[in-house]
Amino acid sequence: MIVTKTMVFVGALIYVFLWVLYAYGDSVLLAPLLIPAVIGVMVALGVALNRYIGVDPHKQHFDDGVDEGEQ
């Protein structure tokens with residue numbers, strides 16, 4: 001769990017650093033930097049629309065119980 005949080009934090013720092021590079025004149029970075037932001041907005045809007053409409057999330061289709069052959 002700590003590794004996951006650390007990697008998310010490091011990834012966010014790198015993303016912010018690349019935005020700073022873009023702000024200081026590296027205009028080639030604009031398209032690759034916008035892709036994660038646009039995807040994030042699309043996912044957030046999709047989740048908000050599902051909640052507004054009242055669509056339930058998919059239920060689990062499998063059983064995590066012990067297999068009969070493993071007993």
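## L21 and the start of the chain

At 33% relative accessibility, L21 counts as partly exposed, a class that lies between buried (under 20% relative accessible area) and exposed (over 50%), judged with a 1.4 Å probe and protein chains only. The place of L21 is in helix α1, where helices (H or I, at least four residues) and strands (E, at least two) are DSSP runs numbered from the N terminus. Leaving aside residues up to four places away in sequence, L21 touches D26 and L29, a contact being heavy atoms within 4.5 Å.

This is a predicted model, in which local features need pLDDT of at least 70 and side-chain atom pairs count only at pLDDT 80 or more, while totals for chains, interfaces and linings use all residues. Residues are numbered from 1 along each chain as its sequence is written, and side-chain values use heavy atoms, with hydrogens and water left out.

## The chain as a whole

The secondary structure of the chain comes to two helices and zero strands. Of the 71 residues in the chain, buried residues make up 3%. The chain exposes about 6,700 Å², and carbon and sulfur atoms supply 70% of that area; accessible areas come from the Shrake-Rupley method with a 1.4 Å probe, and for residues only the protein chains shown count as cover.

## Helix α1 and its nonpolar patch

The 22 residues of α1 should span 32 Å at 1.5 Å a residue, and its end C-alpha atoms are 31 Å apart, which agrees; the expected span is 1.5 Å times one less than the number of residues in the helix. The helix is followed by G25, whose phi is positive, near 115°.

On the surface, F9, V10, L13 and I14 make a nonpolar patch of about 370 Å². Patches are made of residues with over 30% relative accessible area and no salt bridge, with like charges joined within 9 Å and nonpolar side chains (Val, Leu, Ile, Met, Phe, Trp, Tyr) within 5 Å; a salt bridge is a side-chain nitrogen of Lys or Arg within 4 Å of a carboxyl oxygen of Asp or Glu. One of the patch residues, V10, has its place in helix α1, which covers residues 2–23, and V10 is partly exposed, with a relative accessible area of 34%.

## An aromatic cluster

A search of the whole structure finds two aromatic pairs. The rings of Y15 and W19 have their centres 6.3 Å apart and their planes at 85°, so this pair is edge-to-face; rings of Phe, Tyr and Trp (its six-membered ring) pair if their centres lie within 6.5 Å, and planes under 30 degrees apart count as stacked, over 60 as edge-to-face and the rest as tilted. Both Y15 and W19 lie in helix α1, four residues apart, about one turn of the helix. W19 and Y22 also form an edge-to-face aromatic pair, 5.7 Å centre to centre with 85° between the planes.

Because W19 and Y22 are three residues apart in helix α1, about one helical turn separates them. An α-helix has 3.6 residues a turn, so residues three or four places apart point the same way. Ring pairs thus link Y15, W19 and Y22 into a cluster. Y15 counts as partly exposed at 27% relative accessibility, W19 is partly exposed with a relative accessible area of 27%, and Y22 is partly exposed with a relative accessible area of 27%.

## Helix α2 and what follows

Helix α2 (residues 30–53) has 24 residues that should span 34 Å at 1.5 Å a residue, and its end C-alpha atoms are 34 Å apart, which agrees. Just after α2, G54 takes a positive phi of about 95°.

P36 is found in helix α2 and counts as partly exposed, at 45% relative accessibility. Although P36 and Y15 are 21 residues apart in sequence, they are 9.7 Å apart in space, C-alpha to C-alpha. V47 is also found in helix α2 and counts as partly exposed at 39% relative accessibility; its C-alpha atom and that of P57, 10 residues apart along the chain, are separated by 9.9 Å.
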